[in-house]
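Student: I have a protein model open and I'd like to learn how to read it. Could you walk me through some of its features?

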Amino acid sequence: MMRGLVLALTLLCAVAQAATPGKAAIASAHPLATEAGFEILDQGGNAFDAAVAVAAALAVVEPYSAGMGGGGFWLLHRQDDGKQTMVDARETAPAAATEDMYQDEAGKVVRDRAINGPLAAGIPGQAAAFDYLARRYGELPLSRTLAPAIRLAREGFPVEDHYRALAGYRREVLNRYPHAAAVFLDGGRLPAVGTVIRQPDLARVLEAIAEHGRDGFYRGPVADKLVKGVREAGGIWTKKDLENYRVKERDPIVGHFRGGRVISAPPPSAGGIVMMEALNILSQFNGGEISEDLLPHLTVEAWRRAYQDRGRYLGDPDFVDMPVDNLLSNSYAEERAASIELDRATPSSELGEPVATEEGFHTTHLSVLDADGNRVAATLSINLPFGSGFMPKDTGVILNNEMDDFSSKPGSPNAYGLVGSKANAIAPGKRPLSSMTPTFVEFDDRVAILGTPGGSRIITMVMLGVMEAAAGKPVEDWVTRQRFHHQFLPDRVQAEPAFLDTPEAKSLRLRGHDVVSVEREYGNMQAILWDRKAGRVSAAADPRAIGGAEVRAPAPADAD
Ligand code: DON
């Protein structure tokens, strides 16, 4: 009887809610990339086609963040059959990679080798992801979806302050590699605002992919040039490494928080597991409905514990066994929550085994929802701004330095201060552990799509966004909210400058947390909210950078 009533009410609610959004939304880190996505939707492409177009355009106009020389994670939802999957296009270590390849004879890690130049580059996954998405999920061929990016590469895009800031950060390294410097600098100096950056070599590489799919990149003339350039400059890539690269489809991490179903990135990203473990710990306190005064403290304590487990257990699932079910279980969350004191910060040293993480630089996220309800959350990266700084001759492809996301030596920190365990040691063909956290959250009456760059801080940023969404806040609040972060070690709350004056910071200090400013704002969140009850779609780009978020009705040609 009761069950019948619940069923009837559920059906009634479902009827009252739109089955499809009827409008499309795209949020990405550059307005020109967002526009490229709408161009493809207008041509009859679906969200998966649009996401490829956006990512390809970002590879051109946001060359410091992600691109054909990098990889990333694509979280997909197909509306027809409800399929949810993650396309893992993370870079792999070349076959000649060794566990101690960044150490000198004395066993000391040579940081320069791990982040600069061709030895720092893993085998890119982006072109394979484009090909895979187009063939398995898209409606349009790559010759259509890559067209806007090819045009942008040929015609150029104007330099703005954001570009100058990131190129400034990597200028010295770019200047070591003449082909990269010729494209991204102006006589070795930072190009002035308004300078048009044209990338004809990159246009040709995109054309090869548009014409030949994955073979356009992983075999033939482009592959030859990539391998030749890398090896001549001291790298270890082989043609076999490129030929062997494959994306992998993996089941997302799924959990629940405050009535929302959270879907996020599985290993080799730590994102979904760390976020879900932390959300599960919060759920131990009144189901996650926590007073404003206590919430920051409990959030930090949850992060502290979840990040400790990141360092202890996580790596590439094809190489290491991980206690994933246990980490995500309610009984484990209960056990972890039991060590939290309501009135005092737990020093990380009291929790055992130190594993440290720090700081983030650049990468990109895009969120797409099409009018039919298909969704993509993709976080893509070449790691540090302009990746390794290295560009093989005649390719226009700037290579990643994602190898630095491995742990080069037990106890030795990477660019984010991350110190990993054996689980994340370098091995041929292995994928380095990531923090990228593309995420969906499904509530009874609304759907959220979000993600951000930010190195090890990605996970806490996305979780703050999920918490905003769960509290029913509008999408603008998720991307603007002041950010704070804790990652077990260093044992301090790292926060944006403006966070220090908030009541949240005060409540943390009262409980003994060391709250420090990281001196600048961080993150570049791109988010979409589909409110099914109100029949409304909204999108927001992080105001900290130059992104573009828009909601549009289908083009007139497509309307009934
Ligand atoms: O995969 C990772 O976790 C890093 N390579 C991401 C780097 C990043 O987000 C830099 N961003 N600002």
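Student: Let's begin with a strand. Which residue stands opposite V368 in strand 9?

Tutor: First the general idea: strands of a sheet pair through backbone hydrogen bonds, either parallel or antiparallel. Here, I26 stands opposite V368. Keep in mind that you're looking at a predicted model. I26's strand is strand 1 (residues 24-28), and three bridges join strand 1 to strand 9 in an antiparallel run.

Student: And which residue is the bridge partner of V368 in strand 10?

Tutor: That one is V376. Strand 9 and strand 10 (residues 375-381) also run antiparallel, with six bridges joining them. The two strands form a hairpin with five residues between them, and in this hairpin G373 has a positive phi near 100°.

Student: Which way do the side chains of strand 9 point?

Tutor: In a regular strand the side chains alternate between the two faces of the sheet. In strand 9, T364, L366 and V368 point one way, while H365, S367 and L369 point the other way. Both sets are buried, and that makes six of six residues in the strand (364-369).

Student: What does a parallel case look like, say for strand 14 and strand 15?

Tutor: Strand 14 (residues 493-495) and strand 15 run parallel and are joined by three bridges. One bridge partner to look for is V516 in strand 15, which goes with Q494. Both strands belong to an open sheet of three strands, ordered 13-14-15, with mixed pairing. Strand 13 (484-485) and strand 15 (515-517) are the edge strands, each pairing on one side only.

Student: Now rings. How many aromatic pairs are there?

Tutor: A pair of aromatic rings is described by the distance of the centres and the angle of the planes. The count here is 12 aromatic pairs. One of them is Y218 with Y245, a stacked pair at 5.9 Å centre to centre and 10° between the planes.

Student: Why does that pair tie together parts that are apart in sequence?

Tutor: Y218 is in helix 12 (residues 215-218), but Y245 is in the loop between helix 14 (239-244) and strand 6 (248-250), so the pair ties together parts 27 residues apart in sequence. Y218 has a relative accessible area of 1%, so it counts as buried. Y245 is buried too, with a relative accessible area of 1%. Ring pairs also link Y64, F157, Y163, F184 and F386 into a cluster.

Student: Which ring does the charged end of R457 sit over?

Tutor: The ring of Y522, at 4.4 Å from its centre. The charged end of R532 sits over the ring of W530, 5.1 Å from the centre.

Student: Is M467 buried or exposed?

Tutor: M467, in helix 19 (residues 458-470), has 11% relative accessibility, so it counts as buried. Leaving out residues up to four places away in sequence, M467 touches F257, L279, L282, L295 and T299. Its C-alpha atom is 8.7 Å from that of R258, 209 residues apart along the chain.

Student: Last one: which element has the lowest mean pLDDT?

Tutor: Helix 1 (residues 2-16), at 49, while helix 3 (residues 47-61) has the highest, at 99. Over residues 9-15 the pLDDT is below 50, and this stretch has zero contacts beyond near neighbours in sequence. Residues 356-361 also stay under 50, but for them the model has 39 contacts beyond four places in sequence. For the protein, the mean pLDDT is 94.

Key:
Residues are numbered from 1 along each chain as its sequence is written. This is a predicted model: local features need pLDDT of at least 70, side-chain atom pairs count only at pLDDT 80 or more; totals for chains, interfaces and linings use all residues. Side-chain values use heavy atoms; hydrogens and water are left out. Rings of Phe, Tyr and Trp (its six-membered ring) pair if their centres lie within 6.5 Å; planes under 30 degrees apart count as stacked, over 60 as edge-to-face and the rest as tilted. Helices (H or I, at least four residues) and strands (E, at least two) are DSSP runs, numbered from the N terminus. Buried means under 20% relative accessible area, exposed over 50%, partly exposed in between (1.4 Å probe, protein chains only). A charge sits over a ring if NZ of Lys or CZ of Arg is within 6 Å of the ring centre and within 35 degrees of the ring normal. pLDDT is the predictor's confidence in each residue, from 0 to 100. Contact means heavy atoms within 4.5 Å. Two strands pair if DSSP finds at least two bridges between them.
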